[in-house]
Amino acid sequence: MSNDGNGPTFSKMNSSLKENLLDRMRNTHQSSERNRMARSERDLPPAPRRQQARFEDLAEYKQVMAQKFASEQLGIANPFYRPHQTAAGATTVIDGRTLINFASYDYLGLNKHVHVLDRARETIGTFGISASASRLVAGERPVHVELEERIARFYGVDAAVCFVSGYLTNVAAIGCLMGPKDLVIHDEFIHNSALAGIKLSGATRRLFKHNDTADLEHVLRTVAGDYRHIMVIVEGIYSMDGDIANLPALLKLRAEYGFWLMVDEAHSLGVLGDRGKGLAEHFGVDPHEVDIWMGTLSKTTSSCGGYIAGSAALAAVLKASAGGFVYSVGLAPVLGAAAVASLDILEREPERTAALRRNGGLFLKLARDAGLDTGLSGGYSVVPVIVGDSLRAVQLSNDLLAEGINVLPIIHPAVPEGLARLRFFITSEHTEEQIRRTVTLTAERLNDLTERNFGLGGVDIEQMLKAISAR
């Protein structure tokens, strides 16, 4: 303010208004919390001085370092965080070597498709990279609406909502729709993001045996409690095992017991059905019979983010109340555009889905013929080779890398010890020669490790623990 005699007065008044506003805000949002804290602090003794733990002392950190030390002692290279030097599809480049790649989600080979890249460049030129705000306030862009309309139309439902990450989609949607008076029943092998969403919601959680609708019915029959809502969560294609949910049986239970059915299609969009429309098309089911379709944009659609598709009312609730949507920056316009372009190609070229199905079927047949344990896989986008021993799985991955094949192990605690595996992601772009070579080498190297008894069974655990403790 100018020094005309009014500045100090105005400044003082402005300060008073500011304090008044802050007091009102605090009273509105914190009065109940202050009262609760005051009640809890009555007649309490003084709080003892406590020593803050160091991160180095956490059990989780010690476990990480113990695994690292054990790997060093056994001469096993870390197979994780291998940096790729190019776009990864059926092949990739790591440390200057071109490798056959079975570790990426690019199921239909769209990550470097010219139409996807052209649409991405055009969008960057107009909108830059970031939406720069929550969509609710200033981050809305035309491509957001376009993508949501395209997803809804592709599924054959009323509406869709897009989120900035696939993980966040499950967390935000489940956390928004369910609460402490509700019940969520889920397949025991459901994605971790769904478990996080259930925990956030405060809902009661029950699980049923993997892909066992008879066990689900048993859980539904024995549900005790007056729950406001019940949700059942399954996956279209299960990411660790490669089998598919029995949708007709689930819909029969839904009609009888009255619950919301949520299907996670992270690994089945573009994969199942003649046109890649997912689980509903695979079984010839009306998509409206499923209450909540969830999926990610990082796999078939070669982008990043996630979506919920279903009724217009569902979309309206999530856009108004899901924290992961309301309080998060909008999906980067370039990612939305890339996903739309991928859907363009999927609709125009269903032969890509057919090629993926042929490749997945070939890989599964050859693996079984070679005596490899492929577990429950149906030969779609995911085929595991179950090794059993975590150390053996890691070394098998390293041995295959030396042979020019990139595939990653899934080990304890991601899966129970005894069920460690290599997880092969199949794409429409893999050649028959690549698949045959990979299966042959996998069987040969695994047989060699088994004959040498390489793994936890050949390690003196007690001696190893002593060495770790002595560090």
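Me: What is the relative accessible area of Thr-450?
Reply: This is a predicted model in which local features need pLDDT of at least 70 and side-chain atom pairs count only at pLDDT 80 or more, while totals for chains, interfaces and linings use all residues. Residues are numbered from 1 along each chain as its sequence is written, and side-chain values use heavy atoms, with hydrogens and water left out. Thr-450 lies in helix H16, residues 432–451 (helices, H or I, of at least four residues and strands, E, of at least two are DSSP runs numbered from the N terminus). Thr-450 counts as partly exposed, between buried (under 20% relative accessible area) and exposed (over 50%), using a 1.4 Å probe and protein chains only, because its relative accessible area is 41%.

Me: Which residue offers the backbone oxygen that the side chain of Thr-450 reaches?
Reply: A polar contact is a pair of N or O atoms within 3.5 Å; within protein, one must be able to donate a hydrogen and the other to accept it, and residues adjacent in sequence count only if both atoms are side-chain atoms. The side chain of Thr-450 comes to 2.8 Å from such a backbone oxygen, and that oxygen belongs to Leu-446.

Me: Why do the buried residues of H3 line one face of the helix?
Reply: In helix H3, the buried residues are Val-116, Arg-119, Ala-120 and Thr-123. Seen down the axis of H3, these buried residues line one face, because the directions from the helix axis to their C-beta atoms fall within an arc of 100 degrees.

Me: Which helices do the buried residues of H3 pack against?
Reply: The face turned away from the buried side of H3 carries the exposed residues Val-114, Arg-121, Glu-122 and Gly-125. The buried residues, by contrast, pack through contacts, meaning heavy atoms within 4.5 Å, and their partners are helix H5 (142–155) and helix H13 (333–348).

Me: How far apart are the end C-alpha atoms of H3?
Reply: The expected span of a helix is 1.5 Å times one less than its number of residues. The 14 residues of H3 (residues 114–127) should therefore span 20 Å, and this agrees with the model, where the end C-alpha atoms are separated by 20 Å.

Me: Which strands are the edge strands of the open sheet?
Reply: Three strands form this sheet in the order E1-E2-E11, with mixed pairing, where two strands pair if DSSP finds at least two bridges between them. E2 and E11 pair in the parallel sense over two bridges, and Ile-100 stands opposite Ile-405 in E11. The edge strands each pair on one side only, and they are E1 (91–94) and E11 (405–406).

Me: What is the relative accessibility of Asn-101?
Reply: Asn-101 sits in strand E2, residues 97–101, and its side chain reaches the backbone nitrogen of Ala-103 at 3.3 Å. Leaving aside neighbours within four places in sequence, Asn-101 touches several residues, including His-84, Thr-92, Asn-406 and His-430. Asn-101 counts as buried, because its relative accessibility is 1%.

Me: How far apart in space are Phe-208 and Gln-51, C-alpha to C-alpha?
Reply: Phe-208 belongs to strand E5, residues 204–208, and is buried, with a relative accessible area of 1%. Beyond its neighbours within four places in sequence, Phe-208 is in contact with residues among them Ile-185, Leu-216 and Val-234. Gln-51 is 157 residues from Phe-208 in sequence, and the separation in space is 42 Å.
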